Amino acid sequence: MAEERKKRRLATRLIHPDRYASTDFISLAMPTWRGSTVVFDSVADVGDVNDPDQYRYGLYGTPTTRDLAIRIAAIEGADQCVIVPSGQAAIALPYFAFCQAGDHVLLPLSAYGPNTELAADILKRMGIEVERYEPTIGGGIAGLIRDNTRLIWTESPGSITMEIQDVPAICAAAKARGVLVAIDNTYGAGMLFDAFNAGVDISAQALTKYAGGHSDLLLGSIATRDAKLDAQLREAQRLTGMGVSPDECGLALRGLKTLDVRLQRLEQSALTVARWLYDHHEGITMLHPAFADCPGHDIWKRDWTGSASIFSIIFAHWTRAQVERFVDALQLFKIGYSWGGANSLVMTYAGLKRPTPQTGPLLVRLNVGLEDPQDLIEDLEQALAKAG
């Protein structure tokens, strides 16, 4: 061996060292496997590009990516899962995997904004027609299904206006016509709502939110129970280049370890803050699934095991200027999009048309974080005083 080392020049030894560290190391953390090129012992080992456990190239995943996918599938009660770069990627990929020119898609009016923008822009140019429907339609969606309807999107609750959808009724109507149903299951984190038991075919999440848990990563997931659908998703992912960073996946794997306890704390804190607002400020419309006057509350009680960290309020008797003064006066609630992290957030939407064009601009969405809820209540109290 000493003789062989002498024959190798420095440039070669920098790439092919004489010795490697032992890998006999057991940790509680999944290693972050980085790499673009994957090497094989023989040509026969190159394997099948569509087999998620056959590593061919870093774009299609590393053991870190695969471990995250397996864990998300287990949480959701699915058999397969694809990890993609963001929640929006998790929404876009099913369109590319399952739809083509001439197809018809149904999308709720309460859907995540970029999903509606995708429908009105790129999908329209691709010849895919996306029709909007009232989120509380339930089984009545059967009347909107056409012969060329390929996909029905659900989002429960709506990420701003919080309508709970009757997903089982929608799925029953879709199954009768052979139409796929997808859900944006981010609010439930794959835990609070059993989407597959309700009948969905595809469950998408923004792992950016609760799985990540610390507002420092972008990731999405698409889970299925159907191997054929999974293969179509993987092929679309490969051809669109939607690879993910193993470093992001490592952060999400870390976040999963505390997901259950964080969700429990966030639920209780959000309920505490929401009840205070509901009881102490007249003229507020509360949009929180656990409140009886929230659209779809009875369905939430039937199908859900809990609520999460976000809810919205509408200041029905305020002006838009008062709403903005209230938001600007908040100190612990930082103005920002997204939810699910440790920090409390607030956002308002000047051009929002729901629930009505008149009340939309008076809506404020709150994300309750991990701060003490009494401090958050005091922050809201001082901001209400300054605005009102």
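## Exercises on side-chain contacts

Arg 146 is partly exposed, its relative accessible area being 32%. The model used in these exercises is predicted.

**Exercise 1.** Determine which residue pairs with Arg 146 in a salt bridge, and where the two partners lie.

*Solution.* Step one: the partner is Glu 129, with the closest N and O atoms 2.8 Å apart. This is a salt bridge because the separation falls within the 4 Å limit. Step two: Glu 129 belongs to strand S3 (129-133), while Arg 146 sits in the loop between strand S3 and strand S4 (149-155). The partners are 17 residues apart, and the pair links distant parts of the chain. Step three: Glu 129 has a relative accessible area of 37% and is partly exposed. Step four: a network of salt bridges joins Glu 129, Glu 131 and Arg 146.

**Exercise 2.** Classify Asp 67 and Arg 71 by burial, and place their salt bridge in the secondary structure.

*Solution.* Step one: the closest N and O atoms of Asp 67 and Arg 71 are 2.9 Å apart. Step two: both residues lie in helix H3 (residues 63-76), four residues apart, which is about one turn of the helix. Step three: Asp 67 has 16% relative accessibility, so it counts as buried under the 20% cut-off. Arg 71, at 34%, counts as partly exposed.

**Exercise 3.** Locate the salt bridge between Asp 201 and Lys 175, and state the burial of each residue.

*Solution.* Step one: the side chains meet at 3.2 Å, N to O. Step two: Asp 201 is in the loop between helix H7 (195-198) and strand S6 (202-206), and Lys 175 is in helix H6 (residues 167-176), 26 residues apart. Step three: Asp 201 is buried at 16% relative accessibility, whereas Lys 175 is partly exposed at 42%.

**Exercise 4.** Assign a geometry to the aromatic pair of Tyr 95 and Trp 153, and then to that of Phe 315 and Phe 326.

*Solution.* Step one: the count of aromatic pairs comes to eight. Step two: Tyr 95 and Trp 153 are 6.2 Å apart, centre to centre, with 45 degrees between the planes, and the pair is tilted. Tyr 95 lies in helix H4 (residues 87-98) and Trp 153 in strand S4, so the pair ties together parts 58 residues apart in sequence. Tyr 95 is buried at 0% relative accessibility, and Trp 153 is buried at 1%. Step three: Phe 315 and Phe 326 are 5.2 Å apart, centre to centre, with 65 degrees between the planes, and the pair is edge-to-face. Phe 315 is in strand S9 (residues 310-315) and Phe 326 in helix H12 (residues 320-329). Both Phe 315 and Phe 326 are buried.

Note on methods:
Residues numbered from 1 in each chain as written. Predicted model: local features only at pLDDT ≥ 70, side-chain atom pairs only at ≥ 80, totals over all residues. Heavy atoms only, no water. Helix = DSSP H or I, 4+ residues; strand = E, 2+ residues; numbered from the N terminus. Buried < 20%, exposed > 50% of the residue type's maximum accessible area, 1.4 Å probe, protein only. Phe/Tyr/Trp six-rings, centres within 6.5 Å; stacked < 30°, edge-to-face > 60°.
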